[in-house]
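Here are some notes for a colleague who has not looked at this structure before. They are set out as numbered points, to be read beside the model.

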Amino acid sequence: MAYRPSGKFKKTALGVGGVAVLAGLNAPAAISFAQDQYHQYKISQPAYQKKYGSWKQVSIPDEYKTNAIHAALLHTGKVLIVAGSGNDRANFDKGTFDTVLWDPSDDTFKKVETPEDLFCSGHSQLGDGRLLVAGGTARYEVLDGAVERAGGGMRVKNENPDKEVTLKKGTRFRSPTGIEYVSSFDVTVPRAVKKVEGGGAGRKGGGGPDKVTVTASEARVWVEATGKGDEYASKGAAQYEIVGLKGEDADNTYGIAEKISLDKQDYQGIRSAYEFDPVAEKYIPVDPMDKARWYPTLVTLQDGRVLAVSGLDDVGVIDPGDNEIYDPRTKKWSKGPFRYFPTYPALFLTKGGKLFYPASNAGYGPAEKGREPGIWDIEKNTFQKVPGLTDLDQTETSASVLLPPAQDQKVMVLGGGGVGESEKSTRRTAVIDLKEENPVFKPGPDLPQGTRYLNSVIMPDDSVFTTGGSYDYRGRGASNIFKSQFYDPRTNSFSPAAEPTVGRNYHSEALLLPDGRVATFGSDSLFGNKENTKLGTFEQRMEVFTPPYLHKADGKRPTLGEGPKEVKYGATATFPTKDAGAITKARLMRPSAVTHTTDVEQRSIDVELRKTEDSVTFTVPEDPTLVPPGWYMVFVNTADGTPSEASWIKVG
């Protein structure tokens with residue numbers, strides 16, 4: 001039958017034709033308008049959507065619009081969107097910190113009280129379904145040329161073994177020459193360490209007097225000069241008295257200045273940690289970390305503990321490797337294996353319990369340190385470098401993902417850019433098989449163009465959806481990339497997907513929703529025009545991608561009935577279903593917790609599947625290094641890749 005355009009399309013076509021005539025007389029803008037009209041028509045057609053998918057913006061009431069810096073899917077099905085101060089110094093100065101809960105099932109929103117500035121914190125899914133959030137912002141950066149008062153770290157010493165010392169924000173430290181600095185935060189210095197050894201005088205048979213040694217404890221606090229000018233920059237190490245302390249307290253407690261200068265002052269981290277309770281929908285404070293961290297990575301280990309790595313500390317210096325481990329049973333932190341990484345490193349838990357670092361990271365750190373990929377044995381604290389990754393100078397702001405299914409133990413790196421504000425970006429992708437005796441990165445298919453800040457999401461059909469990014473630093477020069485594509489691990493190839501309408505670069509996120517769609521958030525362009533003369537604004541629109549498999553399904557998807565809420569390792573879980581005959585595979589999918597292109601939580605696990613006429617039963621692998629404890633989405637798929645909506649189950 002001959003194709004007959006709809007009345008709506010006739011009007012559009014006539015409009016395009018009319019504009020085309022005018023274009024010859026008026027301006028190229030008319031042609032652009034006509035092209036846009038045709039594009040909108042094309043992408044709305046069912047055949048197009050069945051092949052490429054579709055995008056739709058979410059309607060957000062003004063009071064819930066926020067600067068999405070972090071996004072995490074909770075086992076309630078809601079998405080926690082954390083802004084903190086949202087990279088907005090005015091919000092920070094006012095103490096205005098933001099968190100929003102979004103329910104994608106009905107597009108409703110709720111504000112959550114945010115206790116501190118969790119901007120640029122780290123987060124990880126805990127075994128009981130809570131989200132651990134640690135670190136954040138204590139102080140915003142001050143750029144070169146804008147520093148008016150010298151600042152730096154003051155090491156506060158306490159030689160008293162009998163009591164700790166707490167100094168409030170605003171405490172003054174005075175040098176022998178009368179120069180004074182004032183502290184920006186409260187600081188608590190533990191008691192000094194007292195050690196007694198020797199002959200045991202006074203005891204029967206004692207061999208002489210005891211030897212008592214006292215080792216001063218210390219803590220560090222950021223201080224700023226009370227006056228302006230070069231004379232306030234420290235010229236070398238000196239001891240500072242603490243104004244207001246007298247007598248023995250003054251003798252026992254004092255400051256030792258680190259570098260105090262008029263140089264650029266970086267962001268500074270906080271030590272605070274919280275568990276977000278998805279049921280109560282509130283932050284619950286837990287013991288703080290030993291080190292302050294800004295831009296840290298948190299990764300869940302096979303025993304449910306969480307390793308915190310890297311970050312800028314309380315004076316804006318990148319952590320040298322003082323990593324620490326959180327125990328959700330005790331709510332306390334302990335010392336972890338010492339190893340340096342740039343900020344927000346991607347670290348994937350692999351079979352056997354080692355962590356794989358694909359060299360993806362998101363920011364701070366020298367170009368010559370910590371940029372090589374490798375396998376980190378955290379028990380022995382050894383690091384085996386792996387070869388084969390090209391463009392090693394462009395792993396910053398790259399995406400990386402543990403390819404589905406997790407049993408294959410393959411990790412992919414996609415795109416990335418040069419260190420800092422570099423203009424470099426790479427099309428390179430690479431895949432490494434960690435099951436090999438000597439793993440080596442091998443080239444994957446190139447991206448359409450050099451891309452930084454690419455978001456990559458594991459899908460229920462074992463594809464990886466990648467979207468957005470920019471080819472220059474923070475979208476500079478109007479460099480946002482309005483493209484999406486699917487990567488197929490089986491064929492090691494890309495295929496195009498529908499193009500997003502909202503650009504995404506720095507401070508953007510994407511994650512899989514329980515209904516099989518993908519939500520995208522955020523973007524923080526440095527400039528708002530191609531000439532880089534107008535400052536950018538934070539992108540607060542949300543856009544949701546509906547994959548081709550949902551358009552092809554035409555509303556007919558496999559369904560699962562009510563099943564168990566918990567399952568142990570090696571055990572089975574059975575779900576009733578009317579679609580058992582059509583179901584061919586099942587996946588356990590760990591929910592995302594993503595920021596700065598870094599998402600080490602998401603993973604997809606193949607599970608052994610058995611069927612009856614009216615049920616499906618799957619078996620959970622016994623290996624917690626493959627399936628870290630926590631809540632998972634259960635998806636079942638038909639032979640053509642159509643997934644069910646997810647059911648939730650707790651593993652562990």
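1. A good place to start is Glu-275, which counts as buried at 1% relative accessibility, because buried here means under 20%. This is a predicted model, and the values below are computed from it. Glu-275 belongs to strand S20 (residues 273–277), while Arg-130 sits in the loop between strand S6 (122–125) and strand S7 (131–134). The side chains of these two residues form a salt bridge, with N to O at 3.2 Å. The pair links distant parts of the chain, 145 residues apart. Arg-130, at 22% relative accessibility, counts as partly exposed.

2. Which residues are joined with Arg-130 and Glu-275 into one network? Asp-128, Asp-277 and Lys-331 belong to it with them, through salt bridges that share partners. The count of salt bridges in the model comes to 46. In general, side chains of opposite charge can pair when their charged atoms come close.

3. Two further salt bridges are worth looking at. In one, Glu-372 meets Lys-385, and the closest N and O atoms are 3.0 Å apart. Glu-372 lies in the loop between S27 and strand S28 (374–377) and Lys-385 in strand S29, so the bridge ties together parts 13 residues apart in sequence. Glu-372 is partly exposed, its relative accessible area being 39%. In the other, the side chains of Glu-562 and Lys-565 meet at 3.2 Å, N to O. Glu-562 is exposed, with a relative accessible area of 61%, whereas Lys-565 is partly exposed at 46%.

4. Strands S27, S28 and S29 also appear in an open sheet of 4 strands, in the order S26-S27-S28-S29, with antiparallel pairing. Strand S26 (348–349) and strand S29 (382–385) are at the edges; each has a single partner strand, so one side of each is left without a neighbour in the sheet. S26 is joined to strand S27 (residues 355–357) by 2 bridges, and the two run antiparallel. Within this pairing, Leu-349 stands opposite Leu-355 in S27.

5. Another open sheet is formed by 4 strands in the order S22-S23-S24-S25, and the pairing is antiparallel. Its edges are strand S22 (297–300) and strand S25 (332–335), each with a single partner strand, so one side of each lacks a neighbour in the sheet. From one strand to the next, the twist averages 30 degrees. S22 pairs with strand S23 (residues 306–309) in the antiparallel sense over 4 bridges. Thr-300 has Val-306 in S23 as its bridge partner. As a general matter, strands of a sheet pair through backbone hydrogen bonds, either parallel or antiparallel.

6. Is strand S32 (residues 429–433) enclosed or open to the outside? In this strand 5 of the 5 residues are buried, so S32 is largely enclosed by the rest of the structure. Thr-429, Val-431 and Asp-433 point one way from S32, and Ala-430 and Ile-432 point the other way; all are buried.

7. S32 has pairing on record with two strands. Strand S31 (residues 410–414) pairs with S32 in the antiparallel sense over 5 bridges, and Leu-414 has Thr-429 in S32 as its bridge partner. S32 is also joined by 2 bridges to strand S33 (residues 442–443), again antiparallel. There, Ala-430 stands opposite Pro-443 in S33.

8. Asn-87 is found in the loop between strand S3 (79–84) and helix H4 (89–94). At 23% relative accessibility Asn-87 counts as partly exposed. What does Asn-87 contact, leaving aside its neighbours within four places in sequence? The contacts are Phe-119, Tyr-140, Tyr-267, Arg-474, His-507 and Asp-524. The C-alpha atoms of Asn-87 and Gly-417 are separated by 21 Å, and these residues are 330 apart along the chain.

9. The last point concerns the surface. Val-196, Val-212 and Val-214 make a nonpolar surface patch of about 240 Å². Val-214 lies in strand S15 (residues 210–215) and is partly exposed, with a relative accessible area of 42%.

Terms used
Residues are numbered from 1 along each chain as its sequence is written. This is a predicted model: local features need pLDDT of at least 70, side-chain atom pairs count only at pLDDT 80 or more; totals for chains, interfaces and linings use all residues. Side-chain values use heavy atoms; hydrogens and water are left out. Patches are made of residues with over 30% relative accessible area and no salt bridge: like charges are joined within 9 Å, nonpolar side chains (Val, Leu, Ile, Met, Phe, Trp, Tyr) within 5 Å. Accessible areas come from the Shrake-Rupley method with a 1.4 Å probe; for residues, only the protein chains shown count as cover. A salt bridge is a side-chain nitrogen of Lys or Arg within 4 Å of a carboxyl oxygen of Asp or Glu. Buried means under 20% relative accessible area, exposed over 50%, partly exposed in between (1.4 Å probe, protein chains only). Two strands pair if DSSP finds at least two bridges between them. Axes are lines fitted to C-alpha atoms, for helices over the stretch in contact, and angles run from 0 to 180 degrees between N-to-C directions. Contact means heavy atoms within 4.5 Å.
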